[in-house]
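Trainee: Hi! Could you walk me through this one?
Mentor: Happy to, let's have a look together.

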Amino acid sequence: MFHYAKSYPGGVSPLFSLFVWILIAKCIRGVGETLISGADTAWIVDEVGEQHVGRLFLEGKRLSLRASLVTAAVLLLPILAVFGRTLRKR
């Protein structure tokens, strides 16, 4: 990469400039995600009210855990079925 850098004006390779642009874009994205990270929670608290938000978040977490369990079962059952067939043959 550095061997070809001499042939470009200013001695800067296009790959290096692409790296700099990607680095700048990642920094902007990081700042944006930092600023938006708690906005949805604050919005829900504002809409529902502080007295009801604890129960709402708890129910949301329960549903999320149930969905994760179902997803894990759907992904693992075919694998277990294949291993079950091979174990029965022995």
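Trainee: Which elements have the lowest and the highest mean pLDDT?
Mentor: Helix α1 has the lowest mean among the elements of the protein chain, at 86, and helix α2 (residues 39-48) has the highest, at 91. pLDDT is the predictor's confidence in each residue, from 0 to 100.

Trainee: And what does the protein chain average?
Mentor: The chain averages a pLDDT of 82, and 76% of the residues score at least 70. This is a predicted model, where local features need pLDDT of at least 70, side-chain atom pairs count only at pLDDT 80 or more, and totals for chains, interfaces and linings use all residues. Residues are numbered from 1 along each chain as its sequence is written, and side-chain values use heavy atoms, with hydrogens and water left out.

Trainee: How many helices and strands are there?
Mentor: The protein chain has three helices and zero strands, running α-α-α from the N terminus on. Helices (H or I, at least four residues) and strands (E, at least two) are DSSP runs, numbered from the N terminus.

Trainee: New topic: what share of the residues is buried?
Mentor: Of the 90 residues in the protein chain, 6% count as buried. Buried means under 20% relative accessible area, exposed means over 50%, and partly exposed is in between (1.4 Å probe, protein chains only).

Trainee: What about the accessible surface of the protein chain?
Mentor: That surface comes to about 8,300 Å², and 70% of it belongs to carbon and sulfur atoms. Accessible areas come from the Shrake-Rupley method with a 1.4 Å probe; for residues, only the protein chains shown count as cover.

Trainee: Which residues make the nonpolar surface patch?
Mentor: Phe19, Val20, Trp21, Leu23, Ile24 and Ile28 make a nonpolar patch of about 630 Å². Patches are made of residues with over 30% relative accessible area and no salt bridge; like charges are joined within 9 Å, and nonpolar side chains (Val, Leu, Ile, Met, Phe, Trp, Tyr) within 5 Å. Phe19 lies in helix α1 (residues 14-36) and is partly exposed, with a relative accessible area of 49%.

Trainee: You said salt bridge. How many are in the whole structure?
Mentor: A search of the whole structure finds two. A salt bridge is a side-chain nitrogen of Lys or Arg within 4 Å of a carboxyl oxygen of Asp or Glu. Side chains of opposite charge can pair when their charged atoms come close.

Trainee: Which residue pairs with Glu33?
Mentor: Glu33 pairs with Arg29, and their closest N and O atoms are 2.8 Å apart. Both lie in helix α1, four residues apart, about one turn of the helix. Glu33 is partly exposed at 43% relative accessible area, and Arg29 is partly exposed at 49%.

Trainee: And where does Arg62 come in?
Mentor: Arg62 meets Glu59 in a salt bridge (3.6 Å, N to O). Arg62 and Glu59 are about one helical turn apart because they are three residues apart in helix α3 (residues 50-89).

Trainee: Last one: what does Val45 touch?
Mentor: Leaving out residues up to four places away in sequence, Val45 touches Glu50, Val53 and Phe57, where contact means heavy atoms within 4.5 Å. Val45 is found in helix α2, and the C-alpha atoms of Val45 and Phe57 are separated by 9.8 Å.
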